[in-house]
Amino acid sequence: MKLELRGITKRFGSLVANDSIDLVVESGEIHCLLGENGAGKSTLMNVLSGLYRAEEGEILLDGVRQHFAGPGDAMTAGIGMVHQHFMLIPVFTVAENIILGHETTRAGGRLDLDAARKLVREISARFGFELDPDAKVEDLPVGVQQRVEIIKAIGRDAEVLVFDEPTAVLTPQETDDLMAIMRELAESGTTIVFITHKLREVREVADRITVIRLGKVVGEAEPSASNAELAALMVGRDVQLTVSKEPAQPGATALEVRNLTVFDSNGHKVVDDVSFDVHAGEILAIAGVQGNGQSELVEALLGARKQVTGDIVLDGNSLVGSSVHEVLRAGVGFVPEDRKTQGLVGEFSIAENLMLDRSTGEPFVRHGAIQRETLDTFAVEKVQEFDVRAPGIDTPVGRLSGGNQQKVVLARELSRELRLFVASQPTRGIDVGSIEFVHKRIVATRDSGVPVIVVSSELDEVAALADRIAVMYRGTIVGIVPAQTSREVLGMMMGGEHD
């Protein structure tokens with residue numbers, strides 16, 4: 001089925017998320033929609049799938065104009081969507097999830113689960129999925145859950161299949177499997193739109209590439225285009241994609257984590273008996289598919305988790321039992337994974353955000369009063385040093401782009417005398433140009449002799465920054481390996497293999 005989008009414009013108040021976008025996807029083609037987070041890719045696909053209604057433009061399938069009042073109309077027309085965050089009920093079986101919303105019944109009003117089981121087996125056999133229709137979704141690995149989503153779409157006769165950032169929660173091996181499935185679907189005639197911001201995946205699977213920036217189509221490219229060419233289209237200028245760094249010169253052990261176990265509010269272990277060291281002047285990267293205990297580990301290091309056993313020792317002093325404020329005062333700098341809720345106050349100005357963790361005393365507060373001249377001088381210096389693009393230091397930080405918000409967080413945290421720097425998902429949701437800047441500052445921090453921990457679910461980022469890599473799986477560290485370890489080995493470790 002041929003898909004055409006003509007002049008699609010979608011607004012949210014004064015924000016133009018999609019600005020007169022044209023897109024043509026041929027039948028049986030894998031067409032990649034490439035762009036930074038916030039470029040408008042997902043909004044466009046939500047218009048296609050009936051979740052949003054565009055103010056202007058039209059959707060055509062095989063030359064016939066469509067009118068979608070909601071997602072049901074889009075499904076009926078043959079459009080399916082595999083979301084980044086799966087739309088599955090964990091306690092239901094595979095078969096029950098497949099028929100959810102499209103239930104068929106037998107005489108007496110009972111669900112016809114046999115028909116659903118048959119459908120699962122037929123599609124599984126066709127694509128080699130090896131899925132048990134009676135398995136509970138919550139018991140399946142993430143990569144297999146994604147196959148349930150694909151079966152759900154195919155089972156509803158989807159001829160146009162949209163994959164929205166589908167590799168965000170997959171190991172490298174699961175990503176490779178998904179690419180093979182996409183090729184197989186395309187060869188069978190399914191039209192595929194693949195939304196991503198990962199250049200390697202684009203070049204690996206796409207037949208054609210359309211690049212979106214700030215809600216507009218800014219160019220098309222062939223898969224033969226280089227990463228540098230694609231990145232330049234995404235951000236509008238040339239960027240350095242590789243991290244330039246000299247070999248680490250590690251010093252003495254600065255941080256010792258011993259037998260650390262973290263419990264959630266229900267008493268379940270979310271980090272299980274983890275031990276590792278970090279040396280002065282090195283970057284230890286913690287890799288793994290998101291949701292395997294990395295966030296809870298970082299929260300324990302920062303004093304934000306109280307239900308912990310084991311020990312965290314920084315320069316000979318135990319941090320277990322310390323408050324977040326005490327940990328920060330001990331010389332720990334922290335970039336949180338969610339800058340908007342954990343790192344910044346959106347309504348506060350840039351200057352005010354730069355003093356958030358130093359708001360109780362000198363040099364910015366004296367006798368309970370903010371020293372405005374001192375703060376303003378400091379803020380102007382840091383805005384220049386960290387290349388924060390803003391009208392001025394009094395601009396509310398919530399009005400800045402994601403990349404500039406992250407620079408404000410970095411400027412604040414790296415402007416103190418540090419004994420440890422922890423960066424969790426440091427480049428999530430920021431443009432390629434800002435990624436380049438953030439990586440340079442992290443490496444510079446290492447080179448100044450500070451021990452650094454980087455937590456990232458982006459394997460390319462881990463490989464680029466790390467001096468050593470610790471891989472987490474289901475709350476444990478399955479191994480700590482050199483930075484040169486191959487993607488294949490790291491992928492197997494991310495799936496739980498210890499050897």
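**Exercise 1.** In this predicted model, classify R487 as buried, partly exposed or exposed, and describe its salt bridge with D460.

*Solution.*
Step 1. R487 has a relative accessible area of 27%. Buried means under 20%, and exposed means over 50%. R487 is therefore partly exposed.
Step 2. In the salt bridge between R487 and D460, the closest N and O atoms are 2.5 Å apart.
Step 3. This pair links distant parts of the chain, 27 residues apart: R487 is in helix α17 (residues 487–494) and D460 is in helix α16 (residues 459–465).
Step 4. D460 has a relative accessible area of 46%, so D460 is partly exposed.

**Exercise 2.** Work out which helix holds E149, and which residues E149 contacts beyond its neighbours within four places in sequence.

*Solution.*
Step 1. E149 sits in helix α5, which spans residues 142–155.
Step 2. Its relative accessibility is 1%, so E149 counts as buried.
Step 3. Setting aside neighbours within four places in sequence, E149 touches V82, F86, M87 and L88.
Step 4. For M87, the E149 side chain reaches the backbone nitrogen at 2.4 Å.

**Exercise 3.** Find the salt-bridge partner of R147, and say where the two residues lie.

*Solution.*
Step 1. The partner is D177, with the closest N and O atoms 3.5 Å apart.
Step 2. R147 is in helix α5 and D177 in helix α6 (residues 172–187), so the pair links distant parts of the chain, 30 residues apart.
Step 3. R147 is buried because its relative accessible area is 17%. D177, at 37%, is partly exposed.

Terms used: Residues numbered from 1 in each chain as written. Predicted model: local features only at pLDDT ≥ 70, side-chain atom pairs only at ≥ 80, totals over all residues. Heavy atoms only, no water. Helix = DSSP H or I, 4+ residues; strand = E, 2+ residues; numbered from the N terminus. Buried < 20%, exposed > 50% of the residue type's maximum accessible area, 1.4 Å probe, protein only. Polar contact = N/O pair within 3.5 Å; in protein donor to acceptor, adjacent residues only side chain to side chain. Contact = heavy atoms within 4.5 Å. Salt bridge = Lys/Arg side-chain N within 4 Å of Asp/Glu carboxyl O.
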